[in-house]
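The exercises below are meant to be worked with the sequence and the coordinates open. Each task is followed by a solution in steps.

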Amino acid sequence: MKLLRYLAAKTQNGFRRVNHNGATTVDDIVGKILINREGTYWVDGALVDAMRHGYWYLADEINASSAEINFVYHSLLDDDSYLVLTEHNGEIVRPHPDFRFFAAMNPSTDYVGTKELNRALLSRFAVLRMDFPPPEVEALILRTRAGIPKAIGEAMVAFAAKDRA
């Protein structure tokens with residue numbers, strides 16, 4: 001996530017992130033109709049906002065999202081790449097040329113509340129596995145990025161390695 005946020009900033013692209021959890025809804029990502037004294041009005045969700053403005057979009061913890069949300073992603077990530085906003089007069093939203101879609105997840109075998117992605121959605125991605133860095137690099141990160149003294153950082157890395165095992 002930090003790498004994507006950094007690269008988006010370096011390339012002067014906006015960035016939107018949705019952390020999928022049990023409370024994340026299609027309305028959060030697509031949009032919804034709200035009401036006020038003047039009547040009803042449409043509010044874009046995070047995904048539609050990113051598509052319209054050419055932002056980079058991260059579906060974080062995508063394997064914790066609902067099937068309903070995944071089907072929205074299916075539609076967008078198909079070869080014709082658009083969304084139909086059925087609740088907003090059937091408007092068709094096509095992505096801005098700078099729009100990019102990324103997803104991140106933890107292995108479903110290791111994290112409660114996650115599941116395997118269905119093959120249809122998984123087939124729409126190039127998959128990169130990111131493991132933990134070697135212990136000496138992890139200790140260096142703790143020293144240089146977090147200001148943790150060398151001995152404490154090394155002890156933390158050793159503890160983390162035992163915990164991961």
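Helices (at least four residues) and strands (at least two) are DSSP runs, numbered from the N terminus. The model is predicted.

**Exercise 1.** Locate glutamate 61 and find out whether a salt bridge accompanies its charge.

Solution.
Step 1. Glutamate 61 sits in the loop that runs between strand S4 (56-60) and helix H4 (67-77).
Step 2. The residue is buried. A salt bridge requires a side-chain nitrogen of Lys or Arg within 4 Å of a carboxyl oxygen of Asp or Glu. For glutamate 61, the nearest side chain of opposite charge is arginine 17, 6.7 Å away, and there is no salt bridge.
Step 3. Leaving aside residues up to four places away in sequence, glutamate 61 touches Asn19, His20, Ala104, Met105 and Asn106.

**Exercise 2.** Which residue does arginine 17 pair with in a salt bridge?

Solution.
Step 1. The side chain of arginine 17 meets that of aspartate 60, at 3.0 Å from N to O.
Step 2. Arginine 17 belongs to strand S1 and aspartate 60 to strand S4, so this pair ties together parts 43 residues apart in sequence.
Step 3. Buried means under 20% relative accessible area. Aspartate 60, with 9%, is therefore buried, while arginine 17, at 36%, counts as partly exposed.

**Exercise 3.** Describe helix H3 and the salt bridge that aspartate 49 forms.

Solution.
Step 1. Helix H3 covers residues 46-53, and 6 of its 8 residues are buried, so the helix is largely enclosed by the rest of the structure.
Step 2. The buried residues in H3 are Ala46, Leu47, Val48, Asp49, Ala50 and Met51.
Step 3. Aspartate 49 has a relative accessible area of 19%. Its salt bridge is with arginine 16, where the closest N and O atoms are 3.0 Å apart.
Step 4. Arginine 16 is in strand S1 (residues 15-19) and aspartate 49 in helix H3, so the bridge ties together parts that are 33 residues apart in sequence. Arginine 16 is partly exposed at 28% relative accessibility.
Step 5. Just after H3, glycine 54 takes a positive phi of about 80 degrees.

**Exercise 4.** Which residues are linked with Arg52 in a network of salt bridges?

Solution.
Step 1. Arginine 52 forms a salt bridge with aspartate 44, the closest N and O atoms being 2.6 Å apart.
Step 2. Arginine 52 is partly exposed, at 30% relative accessible area, and so is aspartate 44, at 25%.
Step 3. The network consists of Asp44, Arg52 and Glu91. In the whole structure, a search finds 5 salt bridges.

**Exercise 5.** Compare the backbone and the exposure of serine 81 and asparagine 89.

Solution.
Step 1. Most residues other than glycine have a negative phi. Serine 81 has a positive phi of about 45 degrees, and asparagine 89 a positive phi of about 60 degrees.
Step 2. Serine 81 lies in the loop between H4 and strand S5 (83-85); asparagine 89 is in the loop between S5 and strand S6 (91-93).
Step 3. Serine 81 is partly exposed at 27% relative accessible area, whereas asparagine 89, at 76%, counts as exposed.

**Exercise 6.** Identify a nonpolar and a negative surface patch.

Solution.
Step 1. Leu3, Tyr6 and Leu7 make up a nonpolar patch with about 300 Å² of accessible area together. Leucine 3 is in helix H1 (residues 2-10) and is exposed at 53% relative accessibility.
Step 2. Asp27, Asp28, Glu68 and Glu87 form a negative patch. Aspartate 28 is in helix H2 (residues 26-29) and is partly exposed, at 36%.

Technical notes. Residues are numbered from 1 along each chain as its sequence is written. This is a predicted model: local features need pLDDT of at least 70, side-chain atom pairs count only at pLDDT 80 or more; totals for chains, interfaces and linings use all residues. Side-chain values use heavy atoms; hydrogens and water are left out. Buried means under 20% relative accessible area, exposed over 50%, partly exposed in between (1.4 Å probe, protein chains only). Lys and Arg count as positive and Asp and Glu as negative; His and the chain ends are not counted. Contact means heavy atoms within 4.5 Å. Patches are made of residues with over 30% relative accessible area and no salt bridge: like charges are joined within 9 Å, nonpolar side chains (Val, Leu, Ile, Met, Phe, Trp, Tyr) within 5 Å. Accessible areas come from the Shrake-Rupley method with a 1.4 Å probe; for residues, only the protein chains shown count as cover. The place of a charge is taken as NZ of Lys, CZ of Arg, CG of Asp or CD of Glu.
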